Amino acid sequence: MKFARSLAFGAAALGTLAGSTISASAAEALNIYTTREPGLIKPVLDEFTKETGIQVNTIFINNGLEERIRTEGENSPADIILTVDIGRLQAAKDYGVTQPVKSEALEKVIPAAYRDPEGHWFGIALRARVVYASKDRVKQDKITYEELADPKWKGKICTRSGQALYNVSLFAAAIAHMGEAKAEEWLRGVKANLAKKPSGGDREQAKDILAGVCDIGIGNTYYVSLMRNGKDEEQKKWGEAINVILPTFQGGGTHVNVSGLALAKHAPNKANALKFMEFMVSDDSQRIHAEANSEYPVKAGIPIHPTIASFGELKADNVPIAEIAKLRKKASELVDKVGFDQ
């Protein structure tokens with residue numbers, strides 16, 4: 001069994017970030033399957049190895065991570081699933097490739113709204129889905145999500161595909177607040193206000209605002225920080241061209257999503273995996289997330305990245321992430337029903 005696991009991971013490890021082979025001693029190894037961009041997680045993994053001596057083997061799988069682990073079955077070398085968006089975390093649970101974790105350390109730090117009620121996944125950092133607004137053409141500094149359907153924005157909104165993970169979760173939150181019928185009406189209103197066919201990523205929405213294609217866009221908070229503080233001079237211009245407005249739902253707050261992790265069902269290094277999960281909510285790890293990734297720490301008392309803090313106080317919505325996960329299928333169906341991407 002161990003030999004089969006090593007072969008499976010050895011083939012996959014050609015694209016790893018932090019080591020290309022399994023450690024000879026299981027006590028010193030940890031295998032992570034992740035959809036996270038390599039540069040975003042390497043600082044955290046390096047710090048974990050520094051503190052514990054445990055070598056981390058990683059494989060980056062942008063699509064099909066859950067299917068791969070399920071196909072590998074009991075021979076899967078995966079210990080940890082590290083990913084973004086509640087959709088991917090819930091998919092891992094639904095595919096049956098996770099196992100529940102009971103940890104006082106995790107439950108003490110992570111609010112119940114940001115973890116699976118049955119312990120199959122845990123949010124370790126937050127990102128808000130916000131409005132990017134032209135500094136030159138948009139004077140207001142407050143907005144509700146409901147207002148995005150107001151005809152005053154006709155021809156002035158840009159966004160990525162309605163089926164993009166982040167938008168599906170936002171639309172699911174809209175269903176939670178408005179009910180399915182009113183959410184459909186709202187989504188039709190947002191579609192009617194689009195300046196162009198949904199496309200690109202969140203950075204491209206800022207680019208289009210600078211170019212005058214639209215006045216406002218929908219995007220995640222951390223992209224703005226990455227643009228403004230990165231080395232790409234063009235992207236700096238995009239980031240500097242916009243203000244970030246933290247929208248709220250009527251009677252609610254700003255929609256947030258999570259970066260999170262789960263314990264793989266057949267984790268061969270379970271003890272090390274549990275150490276890693278608890279490390280991810282330590283002060284050191286949470287600071288790295290805030291500084292390197294520009295995400296909101298899930299742990300109270302950890303400083304927020306200065307650029308993110310400049311957006312104002314985040315008043316996160318009160319709908320539990322697990323409830324949003326349940327509504328994502330309906331949200332995706334609404335996207336197609338209203339022809340959002342057409």
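Select Phe48, Phe276 and Phe279: ring pairs link these three into a cluster. Rings of Phe, Tyr and Trp (its six-membered ring) pair if their centres lie within 6.5 Å; planes under 30 degrees apart count as stacked, over 60 as edge-to-face and the rest as tilted. The structure holds 6 aromatic pairs. One of them is Phe48 with Phe276, edge-to-face, at 5.1 Å centre to centre and 90° between the planes. This pair ties together distant parts of the chain: Phe48 sits in helix α2 (residues 38-52) and Phe276 in helix α11 (residues 270-279), 228 residues apart. Helices (H or I, at least four residues) and strands (E, at least two) are DSSP runs, numbered from the N terminus. Phe48 and Phe276 are both buried. Buried means under 20% relative accessible area, exposed over 50%, partly exposed in between (1.4 Å probe, protein chains only).

A word on the model. It is predicted: local features need pLDDT of at least 70, side-chain atom pairs count only at pLDDT 80 or more, and totals for chains, interfaces and linings use all residues. Residues are numbered from 1 along each chain as its sequence is written, and side-chain values use heavy atoms, with hydrogens and water left out.

**The core**

Stay on Phe276 and add Leu30, Ile80, Leu148 and Leu261. Of the 101 residues in the largest nonpolar core, these five touch the most other members. Helix α6 (residues 165-178) gives the most to this core, with 9 residues. A nonpolar core is a set of buried Ala, Val, Leu, Ile, Met, Phe, Trp, Tyr and Cys residues joined through side-chain atoms within 4.5 Å.

Now centre on Ile80. Leaving aside neighbours within four places in sequence, Ile80 is in contact with residues including Leu30, Tyr33, Leu261, Ala273, Phe276 and Met277. Contact means heavy atoms within 4.5 Å.

**Helix α4**

Select residues 86-94. Helix α4 is largely enclosed by the rest of the structure, because 8 of its 9 residues are buried. Which residues of α4 are buried? They are Ile86, Gly87, Arg88, Leu89, Gln90, Ala91, Ala92 and Lys93. To see what covers them, show α3 (65-72), β3 (80-84), β4 (98-99), α6, β9 (256-264) and α14 (321-337), which are among the covering elements.

Look at the ends of the helix next. Asp85 caps the N-terminal end of α4, with a side-chain oxygen 2.6 Å from the backbone nitrogen of Gly87. Just after α4, Gly96 takes a positive phi of about 75°.

**Strand β7 and its partners**

Select residues 216-220. In strand β7, 5 of 5 residues are buried. In a regular strand the side chains alternate between the two faces of the sheet. Here both faces are covered: Ile216, Ile218 and Asn220 lie on one side, Gly217 and Gly219 on the other.

Add strand β5 (residues 122-134). β5 and β7 pair in the antiparallel sense over 5 bridges. Val131 has Ile218 as its bridge partner in β7. Then add strand β6 (residues 157-158), which runs parallel to β7 and is joined to β7 by 2 bridges. Here Ile157 is matched with Ile216 of β7. Two strands pair if DSSP finds at least two bridges between them.

**The disulfide**

Move to Cys158. Where is the other half of its disulfide? At Cys214, with the sulfur atoms 2.1 Å apart. The structure holds 1 disulfide (a pair of cysteine sulfur atoms within 2.5 Å). The link of Cys158 and Cys214 spans distant parts of the chain: Cys158 is in strand β6, Cys214 in the loop between α8 (202-211) and β7, 56 residues apart. With -115° about the S-S bond, the link is left-handed. Cys158 is buried at 1% relative accessibility, and Cys214 is buried with a relative accessible area of 1%.

**Ser134**

Go to Ser134, in strand β5. Ser134 is buried, with a relative accessible area of 2%. Its side chain reaches the backbone nitrogen of Asp136 at 3.2 Å and that of Arg137 at 3.1 Å. Not counting residues up to four places away in sequence, Ser134 touches Ile209, Asp215 and Ala241.

**Last stop: His289**

Select His289, in helix α12 (residues 283-293). Is His289 buried or exposed? It counts as buried, at 2% relative accessibility. The side chain of His289 makes a polar contact with the side chain of Glu295 (3.4 Å). A polar contact is a pair of N or O atoms within 3.5 Å; within protein, one must be able to donate a hydrogen and the other to accept it, and residues adjacent in sequence count only if both atoms are side-chain atoms.
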